[in-house]
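The exercises below take a reader through one protein model, step by step. Try each task with the structure in view before reading its solution.

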Amino acid sequence: MVPRRPIVVAGAGVGGLTTALALARHGLPVEVYERRTAEEIRTAPGSGLTLWSNASTPLGWLGLGGRLLAAAERVVEIRNFDSRERMRFAMRTHPYIRPDALPSLSIGRMDLADILLAACAERGVPVHHGRRVTGYRQTADGVEVQADGDAVTGTALVGADGVRSTVLRQLRGDVPAIYLGRSTYRGVCAGTQGLVPEVPLLFHDEATRVGGGVYPIGGDRAAWTLSWHAPAGEREQPGGEREHAVRLARVLPPVLRDRVTRTPTEAIIRTDIWYHEWHETWGDGAVTLVGDAAHAMPNDLGQGACQAVEDGVVLADALAAGDLGTPAGVAAALRDYERRRRDRVKWVRQQSVQVATAAEPRTAVARWAMGKLTRLYLAVAEKGMWQRMQQPPELTVQPAAVAS
Ligand SMILES: Cc1cc2nc3c(=O)[nH]c(=O)nc-3n(C[C@H](O)[C@H](O)[C@H](O)COP(=O)(O)OP(=O)(O)OC[C@H]3O[C@@H](n4cnc5c(N)ncnc54)[C@H](O)[C@@H]3O)c2cc1C
C-alpha cells in the first residue's frame, strides 16, 4: 500500500539522495530537506570520490549508470608508493567485481551531486534546500519533523544528515565522535598528465607521516588528497590553506606536489577525520538512519559514501516489501532494513578502522618487515577481500539490468 504522507529524508548528501531516488523508483512518496542552499552546494570547492562497484552498480539499478560512466573514470587497480616513488604494493580491484556489475569509478563529488539532484528533479522528488531539520516527534500515525520552524508530517523519517546528525542525537543522545588524529586537504586540478589511466596513485612519506593520493576523475581532471597527523580543529589563518598544503606536499612526488601548488586556496577543503563508535541501534518506531549518520567510518578504504548508497537501496527495498498501511508495519520494515544492513556495514567498518589505525613502523627494519607482511597478506587475501568489498547488496525486488 502506498502511504498518503511522504517519507521525509533529512539531508541531501549521497545517502539521502540515493534513498530518495530508490524510494521514488518503488513509487513511494518522498521529500528531502537539506540545510544547505542550492547555491552553497553548487559553489562548494571540488573534490573526488571513489564509488566502488558495490555502489556504482546500485546507482545503475536506479537508471544512472550511463550518466556515471560518462562523467567518471574507471578504477581497475591501486598503486601504493613511498615518497621516493618506490612501489610498496599494487592491488588489482577490477577482476574481483561481479560480471553483471558496473565498474568501480572515481568521480568529482560535484558531478555526482549534479547527477543525483538532476534525477530527483526529473522524477518529481522534491528537494527543499536551505531547510535544516532541527528535531522530530513520533505521533500515532507517523512522525512530525521540525524543518526550520515548520512542522512537516510524514510516514517515516530517514536521518541522512551525516556524521554530526541531528536525528541521531535525538534518537540516541549525544554520540561522541572519535577523532582519527588525522586531517586532510583535498582539491581538484585540470589535466591528467603524469597519471596512470584508471589507477589511483597513493604515496606515504615515512619520516613526516604525510600521505596523499592523486587520481583521474573524468573530464581531463584529477582529484588529490593530502593527509597528516594534526590536533582536531587546528586551522590555518584564512587564506593560508594552500601555503600549508604546499609545505606538507614538499615531501611527496611532483605528480601530486605540482597539483597542490596549482590549486588556488579557495578551491582547497580541509576536513578532520571523525568516525563513530560502532552501534547497532539505528532507529526507533518510524525513524531510521542511513550513511554517516548511522555508521561514520574512517575514509581509508573509500567506502563511507558507498555504504550510504547500499543503505539507500536496501531501505527502499525493505519499505517496498513492507506493509506501510499501519505504523507497526512501517516500523517493522525499517527494523528489517537495519537488520539486513548490520553485518555488512560492521565488516566494512572494521576493515576501514583496521587500515586506518594500523601502527606505522618507526624503524627501517620494522618498515621492511611490515612491507613483506603487507605483500604476503595481499597475495593471500586480496581476491577475497576485494570480491566481498565490491559485492552489491541483495534486493528482494529484482533490479533492472545496469545501464551501460
Ligand atoms: C577525505 C575523505 C575522503 C573520502 N573518500 C571517499 C571515497 O573515496 N569513497 C567513499 O565511498 N567515501 C569516501 N569518503 C566518505 C564519504 O564522504 C562519506 O561517507 C559520505 O559523504 C557520507 O554520505 P552521507 O550522505 O551519509 O553524509 P554527508 O555526505 O555528510 O551528507 C549529509 C547531508 O546532510 C545535510 N545536513 C546535515 N545536517 C542537516 C540537518 N540538520 N538538516 C538537513 N540537512 C542536514 C548536509 O548539509 C549534507 O548535505 C571520504 C571522506 C573523506 C573525509
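Two strands count as paired if DSSP finds at least two bridges between them, and both helices (H or I, at least four residues) and strands (E, at least two) are DSSP runs numbered from the N terminus. The model is a predicted one, in which local features need pLDDT of at least 70 and side-chain atom pairs count only at pLDDT 80 or more, while totals for chains, interfaces and linings use all residues. Residues are numbered from 1 along each chain as its sequence is written.

**Exercise 1. The sheet of three strands**

Task: Find the order of the strands in the open sheet of three strands, and say which of them stand at the edges.

Solution: Begin with the order, which is 3-7-4, with antiparallel pairing. Strand 3 and strand 4 (73-75) stand at the edges, each with a single partner strand, so one side of each has no neighbour in the sheet. Next look at one of the pairs: strand 4 and strand 7 (residues 104-108) run antiparallel and are joined by three bridges, and within this pair Val75 stands opposite Ser104 in strand 7. Finally, neighbouring strands of this sheet are turned against each other by 30 degrees on average, direction ignored, where axes are lines fitted to C-alpha atoms, for helices over the stretch in contact, and angles run from 0 to 180 degrees between N-to-C directions.

**Exercise 2. The sheet of five strands**

Task: Work out the order of the open sheet of five strands and the sense of its pairing.

Solution: The order is 8-2-1-12-18, and the pairing is parallel. The edges are formed by strand 8 (127-128) and strand 18 (287-289), each of which pairs on one side only. Inside the sheet, strand 1 (residues 7-10) and strand 12 (residues 156-159) run parallel and are joined by four bridges, with Ala10 standing opposite Gly159 in strand 12.

**Exercise 3. Further antiparallel pairs**

Task: Determine how many bridges join strand 13 to strand 16, and how many bridges join strand 13 and strand 17.

Solution: Strand 13 and strand 16 (residues 221-229) run antiparallel and are joined by nine bridges, and the partner of Cys189 in strand 16 is Ala222. With strand 17, strand 13 pairs in the antiparallel sense over seven bridges, and here Tyr185 has Arg270 as its bridge partner. Another antiparallel pair is that of strand 5 (residues 77-82) and strand 6 (residues 87-92), with five bridges, in which Arg79 stands opposite Ala90. This hairpin has four residues between its strands, and Glu85 takes a positive phi near 65 degrees there.

**Exercise 4. Two packed helices**

Task: Describe how helix 7 and helix 8 pack against each other.

Solution: Two packed helices are described by the angle between their axes and the distance between the axes. For helix 7 (residues 241-249) and helix 8 (residues 254-262) the angle is about 170 degrees and the axes are 9 Å apart. The two helices are therefore roughly antiparallel to each other, since angles under 35 degrees count as roughly parallel, over 145 as roughly antiparallel, 65 to 115 as roughly perpendicular and the rest as oblique. From helix 7, Ala245, Val246 and Ala249 meet Leu256, Arg257, Val260 and Thr261 of helix 8, where contact requires C-beta atoms, placed from the backbone, to lie within 7 Å. By class, this contact has five nonpolar, one polar and one charged residues; Ala, Val, Leu, Ile, Met, Phe, Trp, Tyr, Cys and Pro count as nonpolar, Asp, Glu, Lys and Arg as charged, and the others, Gly among them, as polar.

**Exercise 5. The domains and the ligand**

Task: Locate the ligand relative to domain 1 and domain 2.

Solution: Domain 1 covers 7-35 + 130-176 + 279-358, and domain 2 covers 53-62 + 73-108 + 179-276 + 360-393, with bounds that come from an automatic or database domain assignment. Their centres, taken over C-alpha atoms, are separated by 28 Å, and their contact takes 20 residues from domain 1 and 13 residues from domain 2. Both domains give residues to the shell around the ligand, so the ligand lies between them. Of the 34 residues around the ligand, Gly11, Gly13, Gly162, Gly291 and Gly304 come nearest, a residue being near if its C-beta atom, placed from the backbone, lies within 6 Å. Helix 10 gives the most to this shell, with four residues, and by class the shell has 12 nonpolar, 15 polar and seven charged residues.

Conventions
Contact = placed C-beta atoms within 7 Å.
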